[in-house]
Each structure stands twice: as structure tokens, then as C-alpha cells.
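Reader: I would like to go through this model with you and ask, term by term, on what grounds each label is given.

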Amino acid sequence: MDKLRGIDLSRYTTGPSALAVAHEVCRDLNWDPNESVSLSLVELLAQKLSPSPLTLQTMAVSEIDAAVLHCARGTCVAPIVQHAISTVAYPVMDLISTQILSARLESLLEAFPGDHFNHAVAVKANPVRSVLRVAQGKGCGAECASFAEVQHALSLGFAPRSIVFDSPCKTHDELYETIRAGVYVNLDNLEEVDKVRAIFEQLYPNGAEVPAVHDGQIGLRINPVVGSGSIASTSTANSASKFGLPLTSSTQDSLIALYKGNTWLQGVHVHVGSQGCPVELLVTGAARAVDFANAVGNGQVRVLDIGGGMPTVYDGLPTSDLSYADYAARLRVAVPDVFSGKYQVITEFGRSVFAKAGITVTRVESVKQWAGQNIAVVHIGANQFLRTAYLPHAWPHVFSVFSADGVLRDGPMVKQDIAGPLCFSGDFLAKDVLLPQMSVGDYVVVHDTGAYTVAMYSKYNSRPSTAIYGYATDANGAPQLTLFKDQESIEEVLRFWGP
């Protein structure tokens with residue numbers, strides 16, 4: 001703490017995030033960013049910098065650059081957009097490229113080879129059954145954030161032990177059913193440990209040992225306390241996180257004792273965060289999990305769940321995302337036990353698997369150009385893009401504009417707003433975004449929407465959830481659509497509100 005009190009941070013006034021500047025301070029002063037205090041040193045620095053004059057850097061995009069980028073991302077999806085709007089009558093739809101999704105999954109499997117890996121994709125990112133079937137067909141498992149998602153995965157035919165039950169709020173009955181079904185379970189807190197102990201006593205009374213069928217079935221989420229990323233709401237490894245039990249110098253002995261007292265606890269789970277967390281933070285979290293497993297000793301820990309968290313580049317370009325191979329290479333250097341076969345290893349990628357495969361296509365229903373306004377009103381907004389509407393600077397999307405007959409617009413780039421259909425003044429997909437001038441009947445493509453969009457759909461205003469189509473190109477290069485889920489009917493929408 002003394003080194004923090006004496007540091008002059010006045011020269012650190014700009015940076016992409018407080019966390020990034022904190023890492024810069026550590027490099028400048030030759031400090032270990034993960035030095036243990038009550039929190040990590042880098043987290044304390046980030047907190048110290050947060051109220052400082054630090055200005056987060058934004059990329060200024062010229063009209064010429066905006067036009068080039070618009071053309072690049074629009075050209076990537078032009079054939080399927082033209083085909084979809086000529087084929088589907090709905091004013092809004094979601095499209096998932098099964099080819100992009102398959103390629104992304106294959107790159108994950110290539111980066112982490114071996115039968116000891118279970119790549120359990122995050123169901124919460126995109127629960128659409130046909131989308132999950134693509135992942136299942138590649139040999140992936142399913143990471144589930146609720147008991148309903150567990151049932152969802154079982155009904156799709158995922159092998160029980162490839163399913164990971166991760167909810168931070170599990171009832172006794174939910175734990176009983178998932179354990180009986182053979183599903184892998186990550187516990188979150190001491191109360192859940194007590195519940196599982198009681199379940200095993202119920203299943204195997206009179207002091208009987210827990211049989212081998214449950215070996216490697218129960219893990220515990222620990223919070224490695226390695227710091228936050230640039231988006232607080234998706235950072236899960238700081239001292240304020242609601243997830244897991246914090247692993248610090250003062251709690252390690254208690255955590256080890258917890259494992260020793262419950263020998264059926266044979267997994268360690270860490271998940272540092274998602275969008276906004278640098279890859280280095282994920283590597284550090286995995287390293288702490290391995291260190292803790294070794295500290296438990298006696299070969300008790302058999303499963304390492306290193307979570308997901310690979311960030312996504314929201315630029316609308318299908319191949320610009322961060323590489324699983326790069327992440328794996330860093331892990332091989334810093335945490336070689338992940339690849340040694342010593343442990344069964346679970347990953348929980350979601351956004352980085354699904355996001356790039358999806359686009360949302362919506363019709364411009366009206367354009368307001370009164371009193372200095374330039375607002376295009378479309379058929380999707382905060383009902384499907386909650387984070388973008390409420391936190392636009394943290395969760396921006398990029399867009400392309402097509403004419404009514406599916407031709408990519410060009411021409412001067414004009415600042416305009418894209419407003420959604422809800423009775424809510426904050427319902428905007430973007431403000432002051434540089435795009436070709438939109439007209440009534442045009443179509444707007446929202447890029448990189450395959451994750452955390454449809455999955456977060458809101459019933460506010462009782463608008464039907466979108467139709468979802470898979471798409472691919474046939475042997476002749478022609479686009480083909482497959483209905484994954486139809487648009488909700490008005491009757492289905494109203495049924496939600498009861499009889």
C-alpha cells in the first residue's frame with residue numbers, strides 16, 4: 001500500500017481504459033500487476049485512476065474512413081441480405097451464418113486439442129436450439145446458467161457430463177435433479193456445498209462413501225481476484241463480484257479446508273469476465289486456478305473450469321475477432337498444466353463463439369428530419385439490444401444500410417440516429433452515427449448480433465420476438481435460408497401475460 005500512496009499519476013491522463021493505464025503504470029515502475037494485497041495491485045491502481053482526469057480514448061473516424069468501413073462490412077453480407085429481404089416478409093429478422101459459426105468452433109477445437117477438453121458453449125449467449133445443435137455437432141458441451149437451460153441442453157441430447165450447471169442461485173431440488181442426471185455442477189457458495197453434502201447423505205445414507213459415479217462431477221467457483229476489465233458489468237473477478245468465493249492470501253487455507261472436508265469437491269472453476277477483459281487477465285485467472293488445485297493436493301482436483309471471456313471485436317467484419325490460437329499459446333506458456341492431460345479442462349466460451357455469426361436486418365419504417373433531427377425509426381431496439389440502449393458507449397454495434405431492393409447504399413456519409421420501436425425515450429441503437437442517408441423502406445443491418453441479443457429479449461411493449469434463420473451458401477454460391485425459429489405470433493406474445 002505504501003507504494004500506492006507515493007505514486008504521482010498526474011501524467012497518466014489518457015488511455016483506452018483505467019485497467020489499461022494501470023498495466024502501463026506497472027510496466028513503467030517494474031511492478032508485478034498481480035502482487036497480492038487485499039486486492040490485486042492492478043485493481044487498486046484502476047480504482048485510484050477512476051476518479052482521476054483520465055480520458056478514455058475514442059477513435060475519430062473520418063467520413064472517408066466511415067464510407068470505406070461501411071462498404072467493407074456491407075459487402076460481406078450483401079448476398080444474404082438481398083436474398084432475405086426478397087424472401088422474408090417480416091420487417092425484422094435475425095440471420096445466423098452456420099458456416100461462420102462452424103469455422104469459429106473448429107478454430108476453438110484446433111487451438112485446444114485433446115479429449116481432456118470439454119468446450120461447453122454458453123447457452124445464455126444464444127439459446128436457439130438450431131444454433132446449439134451446430135455446437136453439439138462439433139462435439140461441444142453446454143454451459144448452463146439456470147436449471148431450465150440444463151433441461152434445454154438435455155432435451156437437445158447433450159451428454160449429461162458435457163453439461164455444466166453454473167447458476168449462482170441453485171435450489172436443493174435443482175441440485176438433486178442435476179446430480180442424479182449426471183450433469184457437471186459448479187457450486188457458488190457455502191450454502192450450495194451444504195446442500196450437496198445433504199443430497200449425498202440422502203442418496204447414500206449411513207455414512208456410505210460417495211461412489212465413483214460422482215467422481216469429477218462437483219466443482220466450486222472461486223474468485224481469483226485478479227482485477228476488472230473496462231466494463232464493470234462483465235467483470236467477475238474483482239473484490240465486489242457476486243460470483244464464487246474469493247481466493248486471497250487470507251482465505252486460501254479456509255478454501256483448502258473446505259475441499260479437504262468434502263472430498264467429492266473435485267473441480268475448480270474460475271471465470272474472470274467477458275467483454276472488456278484483456279486476454280492477459282484470463283490467463284492470470286487460469287494460472288490461479290491451477291495454483292489452487294495444486295495447493296489442495298493429493299490429486300483431489302480432477303477438473304479445471306477456466307471459463308470463457310474472450311472479447312469480441314464489434315466491427316462487422318467476419319474474420320477480425322481475436323484468435324483462440326493466440327489465447328491457447330499464451331496459456332501454454334503461463335499455464336502448461338491446462339494442456340498436460342493432468343486435468344479434465346472445461347471452457348465456457350459464448351460471445352466469442354456466436355457473435356460474429358449473426359446479423360439483424362430491420363426495415364426503416366419512418367425518417368424524421370424536423371428541427372435539426374435526422375432519426376430513422378426501425379423495428380428493433382431496446383427490446384433486443386438492451387445493453388446497447390442503456391450503455392451505448394460500452395456496447396456499440398456497427399451498421400450497414402441497404403436499399404429496399406437489397407443494394408448496399410453508398411454516397412455521402414451523414415450523421416443520423418437509429419431509433420427503436422419502444423415507448424421509451426432511450427430506445428436508440430445509435431446516435432450521430434455516420435452512414436449513407438437512410439430513407440423509408442431501406443433496410444439497416446446490425447452486425448455481430450449472434451450473442452446476447454435474442455437471448456436477452458425483453459417483453460416490454462409486448463412486441464413479438466424476431467424470426468431467426470440460419471444461412472449458408474450452396475455448392476453454386478447461392479445463399480440458402482433455413483428457419484430456426486419463427487417470429488412470435490400475437491397470441492404467443494399475449495399468452496405470456498396469463499389467461
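Author: Let us begin with a pair of residues: in this predicted model, Y471 has L481 in strand 20 as its bridge partner.

Reader: What makes strand 19 and strand 20 a pair?

Author: Two strands count as paired if at least two bridges are found between them, and strand 19 (residues 467-473) and strand 20 (residues 479-485) are joined in the antiparallel sense over 6 bridges, so the condition is met. The two strands form a hairpin with 5 residues between them, and in the turn G477 has a positive phi of about 85 degrees.

Reader: Where in helix 4 does the kink lie?

Author: The kink, of about 55 degrees, is at A78, shortly before the proline P79 in helix 4 (residues 63-87). A78 is also among the buried residues of helix 4, which include H70, V77 and I80.

Reader: Why is P436 called buried?

Author: Buried means under 20% relative accessible area, and P436 is at 2%, so the label applies. P436 lies in strand 17 (residues 428-436), and leaving aside neighbours within four places in sequence, P436 is in contact with H70, V401, R409, D410, P412, M413 and Q416. With one of these, M413, the C-alpha separation is 4.7 Å, although the two residues are 23 apart along the chain.

Reader: Why is C423 described as exposed?

Author: The label exposed requires a relative accessible area over 50%, and C423 has 64%, so C423 is exposed. C423 is found in the loop between strand 16 (413-419) and strand 17, where, not counting residues up to four places away in sequence, C423 touches Y460 and N461. The "active site" feature at this residue comes from UniProt, in an unreviewed entry, and such annotations may be inferred rather than shown by experiment.

Reader: How do you know that the side chains of N374 and Q437 are joined by a polar contact?

Author: A polar contact needs a pair of N or O atoms within 3.5 Å, and the contact that joins the side chains of N374 and Q437 is 2.9 Å. N374 lies in the loop between strand 13 (358-368) and strand 14 (375-378), and its contacts beyond four places in sequence include V367, V414 and D417 as well as Q437. With a relative accessible area of 13%, N374 is also under the 20% limit and therefore buried.

Reader: What makes Q300 buried or exposed, given its place in a loop?

Author: The relative accessible area decides the matter: Q300 has 10%, which is under 20%, so Q300 is buried. The loop in question runs between helix 11 (279-296) and strand 11 (303-305), and outside its neighbours within four places in sequence, Q300 is in contact with Y259, K260, N262, T263, L265 and Q266.

Reader: Why does C76 form no disulfide?

Author: A disulfide requires two cysteine sulfur atoms within 2.5 Å, whereas the closest cysteine sulfur to that of C76, in C71, is 9.3 Å away, which is too far for a bond. A search of the whole structure finds 0 disulfides.

Reader: Why are C76 and C140 given separate labels for accessibility?

Author: C76 has a relative accessible area of 42%, which falls between the 20% and 50% limits, so C76 is partly exposed. C140, at 4%, is under 20% and therefore counts as buried.

How values were computed: Residues are numbered from 1 along each chain as its sequence is written. This is a predicted model: local features need pLDDT of at least 70, side-chain atom pairs count only at pLDDT 80 or more; totals for chains, interfaces and linings use all residues. Side-chain values use heavy atoms; hydrogens and water are left out. Helices (H or I, at least four residues) and strands (E, at least two) are DSSP runs, numbered from the N terminus. The bend at a residue is the angle between axes fitted to the seven residues ending there and the seven starting there. Buried means under 20% relative accessible area, exposed over 50%, partly exposed in between (1.4 Å probe, protein chains only). Contact means heavy atoms within 4.5 Å. A polar contact is a pair of N or O atoms within 3.5 Å; within protein, one must be able to donate a hydrogen and the other to accept it, and residues adjacent in sequence count only if both atoms are side-chain atoms.
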